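Student: Could we go through this model together, one question at a time?
Tutor: Gladly! Here it is, and then we can start.

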Amino acid sequence: MPELPEVEVVRAGLEPALTGATVTAVRIYDVRSLRRHDAPSEDFVDRMVGSTFETPRRRGKFLWVPVGSETALVVHLGMSGQVLLRDPDAPLDRLTRISLDITHPRHGALRVDFVDQRIFGSMAIDELVESGDVPGDRVPSQVRHIARDPMDDQFDDARFFARLAKRNTGIKRALLDQTLISGIGNIYADEALWAARIHYDQPTGTLSRPRAKTLLAEVRLVLGKALAEGGTSFDAQYLNVNGESGYFSHSLNAYGQQGEPCPRCGRPIVREQFMNRGSHFCAYCQRVRSTARPSRG
DNA sequence: CCGGACTCCTGGTTGC
DNA sequence: TGCAACCAGGAGTCCG
């Protein structure tokens, strides 16, 4: 489940190889990986070949590589996507969906493989549009509705708290809403909520400002820590561009820890179904607080 | 605005 | 050993 740290590891890994590189050939092995490309696969191939990449960028879980000032190659890893840098003659992974041959002025010929088991991820060519908040900042049109992520210099804490307070929903649902705050998925939502001692279904309107601040701080802490450890891998589902696993799975306190003692109080971590996914939490440390909802004006 | 249901999807795991 | 059922969930859409 690639979330912000995993996508950033991929972005950073691609940066030296892609920046300034030119695409020489494209092979589509599975057109379903072009679901978000709003034209036939031939269009994707025709437009990619000859394109020169600029520095890869990221917002939340979306990654894109600008090609000139008007368009970008947008990559979303979905549940199981990987972008691997390979020697041009390296054997192809069985689940490779798209392959780009590139040539870099200093590194020479390389192959960029988009590997994706479940095909929830995708590649697409998209137009760059004004992001809307910072003048001159351009993002792919597919990314425009995605909120800035909490590691973004331009993330507006005050605006986040204000929007959060107006929501009438549970806190985990809000954390997973990429239009409110991006980059957080199931793993880091559970980890941040555990760290902040907040129940996943705590109504957003009942979170005091200090507790909301604590939560955002814990979000940043867990994302930063995971990033420093190269992301979270449970198996071969997530790898960096060199095909290596991250180590953060050894640092998880709640996610996937059902039945294990809570590292804080020793009571068992439990798992419940919520939003069609698992929620892992300590039923003692993370209880719903029945604070009166502030009256709305 | 909100939440639930549904869709996309397949390989690893579990169960018989 | 073989096969079917089950499970993981990011993001978009649709509907009540």
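Student: How far is the side chain of Arg-277 from a phosphate oxygen of DNA strand C?
Tutor: First, some ground rules: this is a predicted model, in which local features need pLDDT of at least 70, side-chain atom pairs count only at pLDDT 80 or more, and totals for chains, interfaces and linings use all residues. Residues are numbered from 1 along each chain as its sequence is written, chains are lettered from A and ligands numbered from 1 in the order in which they are written, and side-chain values use heavy atoms, with hydrogens and water left out. A polar contact is a pair of N or O atoms within 3.5 Å; within protein, one must be able to donate a hydrogen and the other to accept it, and residues adjacent in sequence count only if both atoms are side-chain atoms. For an N or O atom in the Arg-277 side chain and a phosphate oxygen of DNA strand C, the distance is 3.2 Å.

Student: Which residue has a polar side-chain atom 2.7 Å from a phosphate oxygen of DNA strand C?
Tutor: Let's set Gly-278 aside, as it uses a backbone N or O atom, 3.4 Å from a phosphate oxygen of DNA strand C. The side chain you are after belongs to His-76.

Student: What percentage of the atoms of DNA strand C within 4 Å of the protein belong to sugar or phosphate?
Tutor: On the protein side, 14 residues surround this strand, with Arg-36, His-76, Arg-118, Phe-120 and Arg-271 the closest; a residue is near a strand if one of its heavy atoms lies within 4 Å of it. On the DNA side, bases make up the rest, and the sugar or phosphate part is 67%.

Student: And what is that percentage for DNA strand B?
Tutor: The residues around DNA strand B include Arg-32, Leu-95, Gln-117 and Thr-169. Among the atoms of DNA strand B that come within 4 Å of the protein, sugar and phosphate account for 76%.

Student: Which residue's side chain has an N or O atom 2.4 Å from a phosphate oxygen of DNA strand B?
Tutor: Two candidates drop out, as they approach a sugar or linking oxygen of DNA strand B: Gln-117 with a polar side-chain atom at 3.1 Å, and Arg-118 with a backbone N or O atom at 3.3 Å. That leaves the phosphate contact to Thr-169.
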